[in-house]
Amino acid sequence: MNLYLGIDFGTTGARSTVIDSQGTIHSETEYTFANNGQQQPELPSVWQNALWDSIEQIPPAIRNQVRAIAIDGTSSTVMLCNTDGIPVCEPILYNDARGAAVTERLRAIAPDNHTVLSATSSLAKLLWLQEGGHGGTAPTVFLHQADWLGFLLHGKVGISDYHNALKLGFDVATLCYPNWLIEGIAGAATPELPQVVAPGTPVGEVRAQVGDRFGFPRDCIICAGTTDSIAAFLASGVNLPGEAVTSLGSTLAVKLLSHTRVDDSRYGIYSHKLGDLWLVGGASNTGGAVLRHFFTDVELDNYSTQIDPAQESLLDYYPLLKKGDRFPINDPNLPPRLEPRPTDSVEFLHGLLESIARIEARGYQLLQELGATPLTKVYTAGGGAKNAVWSAIRKRYLKVSVLTPIHTAAAYGAALLAMRSLTD
């Protein structure tokens with residue numbers, strides 16, 4: 001039997017899913033990061049341990065039938081490596097806004113309203129690393145999280161995909177790096193940019209030592225990956241323009257399938273190429289991480305059942321764990337708004353759920369105002385999809401059907417990407 005492995009690296013852990021050519025699941029594993037995967041010098045080791053452990057958990061009889069593997073990672077989580085693929089400094093996480101320090105240079109390089117014009121973009125982080133001399137004097141390669149994890153499996157340094165490379169400035173219309181980018185980063189400490197291919201492109205066979213360790217077939221193919229939110233979109237099976245997927249994980253990401261491409265950095269809106277269509281959307285720093293900061297999973301379940309989703313909460317929050325958001329307000333200095341806090345925990349949770357729903361609805365409204373295909377249906381992925389009360393609140397704001405697809409896990413979407421690399 002031919003099987004296909006997808007591995008998802010999210011904000012708090014890694015998950016794997018193995019499927020067959022019919023999409024039937026044969027194995028699922030989960031690994032939680034130490035220290036919740038927060039900024040730390042040892043992050044590459046944390047990720048590598050998570051990768052090996054996620055694979056180790058898959059039964060050997062299943063591993064030796066895996067024909068292709070794809071990995072998704074958090075968008076704009078980046079790192080510098082030497083030419084052997086060894087990290088030379090601490091990675092920078094997806095929501096890290098230190099790139100605000102190079103805003104002036106970024107604006108001098110990039111066209112107006114470009115996707116990279118954000119303090120958290122991959123290019124902003126590259127400029128920050130470059131200006132700080134963090135790569136040293138030896139040659140370096142700039143990689144995204146999924147790029148480096150793929151390298152651990154196939155051994156080829158410097159391969160990326162055009163979903164991860166979008167916020168680096170890669171032009172998905174011409175499928176090349178634009179001149180303004182090449183010229184804008186030129187200098188003595190310029191890292192090598194990764195070669196960019198289509199997501200799911202076969203990159204190479206699994207490294208012999210990895211194949212031998214885990215029992216993968218020698219001809220098992222490692223594919224170019226994608227981002228975690230796009231992997232979740234792929235898992236949903238959505239393929240009609242006007243349909244969308246909201247990923248309610250630690251953060252909130254919205255993706256609307258559209259005939260029209262929309263890019264506007266003023267609001268953190270960007271479009272990914274998906275076949276002949278465009279996946280238009282943005283990602284906010286609000287979401288499940290804020291909820292878990294205040295409530296345990298048991299409390300969330302318990303308090304949610306006491307909320308009347310038809311009743312509007314008068315609490316108007318902008319739930320963030322720290323200042324700064326990317327979409328629908330793109331402002332690295334946007335302060336969290338979590339006051340007033342009522343003494344009743346149920347009332348407080350109601351206010352949080354309702355406020356996150358308002359942010360989601362405003363996001364979709366913006367996409368359509370700027371020319372995206374009108375919204376007809378929203379599927380929900382991520383942990384928030386399990387909360388029926390939250391879904392009912394969101395439906396009240398979105399004014400379209402809110403559904404949970406059969407498959408919601410990003411790892412399942414990555415597995416589909418691996419499967420299609422050999423079957424399409």
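Let me begin with His 154, which is buried, with a relative accessible area of 9%; buried here means under 20% relative accessible area, exposed over 50% and partly exposed in between, with a 1.4 Å probe and protein chains only. This is a predicted model, in which local features need pLDDT of at least 70 and side-chain atom pairs count only at pLDDT 80 or more, while totals for chains, interfaces and linings use all residues. Residues are numbered from 1 along each chain as its sequence is written, and side-chain values use heavy atoms, with hydrogens and water left out.

His 154 belongs to helix H5, residues 145-154; helices are DSSP runs of H or I with at least four residues, strands are runs of E with at least two, and both are numbered from the N terminus. What does the side chain of His 154 reach? It reaches the backbone nitrogen of Lys 156, at 2.9 Å. Not counting residues up to four places away in sequence, His 154 touches Val 203, Gly 204, Glu 205, Arg 207 and Ile 222, where contact means heavy atoms within 4.5 Å.

I turn now to the interior. The largest nonpolar core has 73 residues, and those with the most contacts inside it are Leu 123, Leu 291, Leu 349, Tyr 364 and Leu 367. Such a core is a set of buried Ala, Val, Leu, Ile, Met, Phe, Trp, Tyr and Cys residues joined through side-chain atoms within 4.5 Å. Helix H11, residues 345-369, supplies the largest share of this core, 12 residues. Another core, of 36 residues, lies apart from it and has Trp 47, Ile 55, Leu 143 and Trp 148 among its members. In soluble globular proteins, nonpolar side chains tend to be buried together.

Helix H11 itself merits attention. Of its 25 residues, 18 are buried, and H11 is thus mostly covered. At its N-terminal end, Asp 344 acts as the cap, with a side-chain oxygen 2.9 Å from the backbone nitrogen of Val 346. Just after H11, Gly 371 takes a positive phi of about 115 degrees. Within H11, Leu 349 is in contact with Leu 291, Phe 295, Leu 300, Tyr 303, Ser 304 and Ile 307, leaving aside its neighbours within four places in sequence.

Finally, helix H1, residues 43-56. Which of its residues are buried? They are Leu 43, Pro 44, Val 46, Trp 47, Ala 50, Leu 51, Trp 52, Ser 54 and Ile 55.

Key. Polar contact = N/O pair within 3.5 Å; in protein donor to acceptor, adjacent residues only side chain to side chain.
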